[in-house]
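Q: I've got a fold open on my screen and I'd like to learn how to read it. Can you take me through it feature by feature?

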Amino acid sequence: MSDHTCPWWAGSLLASPIRKLVQDPNKILRPHVTAGMRALDLGPGMGFFSLPLARLVGESGRVVCVDLQEQMIAGLVRRAARAGLASRIETRICTADSLRIDDLAGTLDFALAFAMVHEVRDPGRLLAEIKAALGPGGRLLVCEPIGHVTKAAFAATLTLARQAGFNLVARPRVVLSHGALLARP
């Protein structure tokens with residue numbers, strides 16, 4: 001895996017409504033998220049998945065968005081405020097070595113890692129931190145872009161996920177992506 005991180009200035013492009021024509025967040029998330037859930041959005045950028053996720057968890061749910069780049073989080077906060085979803089979203093800045101989510105241990109129902117695992121230095125550590133934050137039966141949806149991540153590299157990610165203690169539940173089809181739904185036992 002690499003140390004390359006998507007540049008903050010690309011955040012607006014990634015959050016473009018045109019992207020929904022190819023990757024509709026509601027279609028991707030709806031099978032896995034219900035009202036009242038506590039969810040984690042990793043590397044959310046400017047909130048392409050975060051805002052639909054906040055709508056799906058509803059007023060009684062919560063979405064924690066963790067990103068390495070302050071500019072991405074600032075864009076997400078602005079977009080959430082305009083959409084009237086700021087009260088459902090908590091944002092955090094992480095470091096290259098820690099998600100800084102230890103206080104969430106065992107409290108989350110769902111986590112999303114969309115097109116970001118390949119960008120981290122230590123994906124095994126990342127997966128272990130996510131697993132620790134999920135409660136029993138909590139699910140993690142991992143999707144990686146086919147243009148950046150080979151089948152073999154995605155298989156290696158799934159091996160790391162098994163080593164972290166996740167079980168493979170399903171291989172959902174996500175346009176232009178390798179996808180896996182994982183569960184904490």
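What follows is a chat that goes from the whole fold down to single residues.

A: Sure. One thing up front: this is a predicted model.

Q: Which helices and strands should I expect, and in what order do they run?

A: Begin by listing the elements. Here the protein has six helices and seven strands. Starting at the N terminus, they run α-α-β-α-β-α-β-β-α-β-α-β-β.

Q: How do I judge how compact the protein is?

A: Set the radius of gyration against the globule rule. For 185 residues the rule gives 16 Å, and this protein comes out close to that at 15 Å, so it is as compact as a globular protein of that length. For a feel of the outline, its C-alpha atoms fill a box of roughly 40 × 35 × 30 Å along the principal axes.

Q: What share of the residues is buried?

A: Burial is a matter of relative accessible area, and the cut-off is under 20%. By that count, 50% of the 185 residues are buried. Contacts tell you about the chain path too: among those with a separation of 6 or more, 76% come from residues 24 or more positions apart.

Q: And the surface? What supplies it, and how are the charges set out?

A: Look at area by atom type, then at charge. The protein exposes about 8,800 Å², with 56% of that supplied by carbon and sulfur atoms. It carries 22 positive and 15 negative side chains, and the centres of those two sets lie 8 Å apart.

Q: Let's zoom in. How many aromatic pairs are there?

A: For ring pairs, check the distance between centres and the angle between planes. This structure has two. Phe48 and Phe49 make an edge-to-face pair, 5.0 Å centre to centre with 90° between the planes. Phe49 also pairs with Phe114, this time tilted, at 4.4 Å and 35°. Put together, the ring pairs link Phe48, Phe49 and Phe114 into a cluster.

Q: Why does the pair of Phe49 and Phe114 tie together parts that are apart in sequence?

A: Ask where each ring sits. Phe49 is in the loop between strand E1 (38-42) and helix H3 (50-57), while Phe114 belongs to strand E4 (residues 108-114), so their pair joins parts 65 residues apart in sequence.

Q: Are those three rings buried or exposed?

A: Buried. Phe48 has 5% relative accessibility, Phe49 has 5% as well, and Phe114 has 8%. Since the cut-off for buried is under 20%, each of these values falls on the buried side.

Q: How should I read burial along a helix, say H3?

A: Here's the general idea. An α-helix has 3.6 residues a turn, so residues three or four places apart point the same way. Now the case: H3 is mostly covered, with seven of its eight residues buried. The buried ones are Ser50, Leu51, Pro52, Leu53, Ala54, Leu56 and Val57.

Q: What do the buried residues of H3 pack against?

A: Quite a list of elements: helix H2 (25-29), E1, strand E2 (62-67), helix H4 (70-82), E3 and E4.

Q: Which residues take a positive phi?

A: Scan the backbone angles, and keep glycine separate from the rest. Just after H3, Gly58 has a positive phi of about 70°. Arg100 isn't a glycine, yet its phi is positive, near 60°; its place is in the loop between strand E3 (89-93) and E4. Ala115, also not a glycine, has a positive phi of about 55°. You'll find Ala115 in the loop between E4 and helix H5 (123-133), where it counts as partly exposed at 25% relative accessibility.

Q: How far apart are residues 30 positions apart along the chain?

A: Sequence separation and distance in space are two separate readings, and two cases show it. Gly75, in helix H4, has its C-alpha atom 7.9 Å from that of Gly45, 30 residues away along the chain. Asp67, in strand E2, is also 30 residues from Met37, but there the C-alpha atoms are separated by 20 Å.

Q: Are Gly75 and Asp67 buried or exposed?

A: Buried, both of them: Gly75 has a relative accessible area of 2%, and Asp67 has 6%.

Q: What is Asp67 in contact with?

A: Skip the neighbours within four places in sequence, then list the rest. For Asp67 that leaves Gly43, Pro44, Gly45, Met72, Ile73, Arg92, Ile93 and Cys94.

Notes
Residues are numbered from 1 along each chain as its sequence is written. This is a predicted model: local features need pLDDT of at least 70, side-chain atom pairs count only at pLDDT 80 or more; totals for chains, interfaces and linings use all residues. Side-chain values use heavy atoms; hydrogens and water are left out. Rings of Phe, Tyr and Trp (its six-membered ring) pair if their centres lie within 6.5 Å; planes under 30 degrees apart count as stacked, over 60 as edge-to-face and the rest as tilted. Buried means under 20% relative accessible area, exposed over 50%, partly exposed in between (1.4 Å probe, protein chains only). Helices (H or I, at least four residues) and strands (E, at least two) are DSSP runs, numbered from the N terminus. The radius of gyration is taken over C-alpha atoms; the globule rule is 2.2 Å times the number of residues to the power 0.38. Contact means heavy atoms within 4.5 Å. Accessible areas come from the Shrake-Rupley method with a 1.4 Å probe; for residues, only the protein chains shown count as cover. Lys and Arg count as positive and Asp and Glu as negative; His and the chain ends are not counted. The place of a charge is taken as NZ of Lys, CZ of Arg, CG of Asp or CD of Glu.
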